[in-house]
Amino acid sequence: MSSFSDPKAIADYAENATRRVPGLRDVHRMAALLLAERSPADGRVLVVGAGGGMELKFFAQSHPNWQLAGIDPSAEMLSLARTALGPFASRVRLHHGFVEAAPEGPFDSASSLLTLHFTTESDRYRTLSEIPSRLKPGGDFVARHSRIPQNH
């Protein structure tokens, strides 16, 4: 069972992510600021690896007119995102699957924060290759990637 289908791991996800990733809230804030530089106030933003909803919720709180789309391969994590979004859920469309299942857009911007390390190198390449085709010309993409040592 992967941690993204384990009920206990999902229930503790937000707390564990904040504890394991120092500055996580700052990563969300920095990504939102960078995307807002060229996204309109009513922009459409794609979040790749949206499970849990932390990034989506921060973006929705920070930019009240953004329309957000989140994609994630874990149905359980998307369920957690729905709950976490609370009153912001009406501005977010969640999609189950990998980036190929994301809406075609065009989006003003996109993000993928701290998710790519869960994929293989070839899947990372495929994911990163798919995102630009969903962006408007000149659309921004912000990524934050961590490498986890393979000998753990």
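Contact here means heavy atoms within 4.5 Å. The model is predicted: local features need pLDDT of at least 70, side-chain atom pairs count only at pLDDT 80 or more, and totals for chains, interfaces and linings use all residues. Residues are numbered from 1 along each chain as its sequence is written, and side-chain values use heavy atoms, with hydrogens and water left out.

**Exercise 1. The chain as a whole**

Task: Find what share of the contacts between residues at least 6 apart in sequence joins residues at least 24 apart. Then list the order of the elements.

Solution:
- Step 1. Take the contacts in the chain between residues at least 6 apart; 74% of them join residues at least 24 apart.
- Step 2. Assign helices (DSSP H or I, at least four residues) and strands (E, at least two), numbered from the N terminus. The chain has six helices and five strands.
- Step 3. Read from the N terminus: α-α-α-β-α-β-α-β-β-α-β.
- Step 4. Check burial. Buried means under 20% relative accessible area, exposed over 50%, partly exposed in between (1.4 Å probe, protein chains only). Of the 152 residues, 39% are buried.

**Exercise 2. The sheet**

Task: Determine the strand order of the open sheet and the sense of its pairing.

Solution:
- Step 1. Two strands pair if DSSP finds at least two bridges between them. β1 and β4 pair in the parallel sense over three bridges. Here Val45 stands opposite Ser109 in β4.
- Step 2. β4 and strand β5 (residues 135–144) are also parallel, over six bridges. Phe107 faces Leu135 in β5, and Ala110 stands opposite Phe141 in β5.
- Step 3. Put the five strands in order: β3-β2-β1-β4-β5, with parallel pairing. The edge strands are β3 and β5, each pairing on one side only.
- Step 4. Get the twist. Axes are lines fitted to C-alpha atoms, for helices over the stretch in contact, and angles run from 0 to 180 degrees between N-to-C directions. Neighbouring strands of this sheet are turned by 20° against each other on average, direction ignored.
- Step 5. Look at β4 (residues 107–113). Seven of its seven residues are buried, so β4 is largely enclosed by the rest of the structure.

**Exercise 3. Helices on the sheet**

Task: Say which strands α4 lies across, and which residues of α5 are buried.

Solution:
- Step 1. α4 lies across β1, β2 (67–72), β3 and β4, and runs at about 175° to β2.
- Step 2. α5 packs on the sheet and touches β2 and β3; its direction makes about 170° with that of β3.
- Step 3. The buried residues of α5 are Met77, Leu78, Ala81 and Leu85. They cover an arc of only 100° around the axis (taken from the directions from the helix axis to the C-beta atoms), which puts them on the same side of α5.
- Step 4. Just after α5, Gly86 has a positive phi of about 50°.

**Exercise 4. The nonpolar cores**

Task: Identify the residues with the most contacts inside the largest nonpolar core.

Solution:
- Step 1. A nonpolar core is a set of buried Ala, Val, Leu, Ile, Met, Phe, Trp, Tyr and Cys residues joined through side-chain atoms within 4.5 Å.
- Step 2. The largest has 20 residues; Val45, Leu56, Phe59 and Leu68 have the most contacts inside it.
- Step 3. Two or more residues each come from α3 (24–36), β1 (44–48), α4 (54–62), α5 (75–85) and β3 (92–96). α3 gives the largest share, four residues.
- Step 4. Leu68 touches Val45, Leu56, Phe59, Ala60, Arg91, Val92 and Arg93, not counting residues up to four places away in sequence.
- Step 5. A second, separate core has 10 residues, including Val48, Ile71, Ala110 and Leu135.
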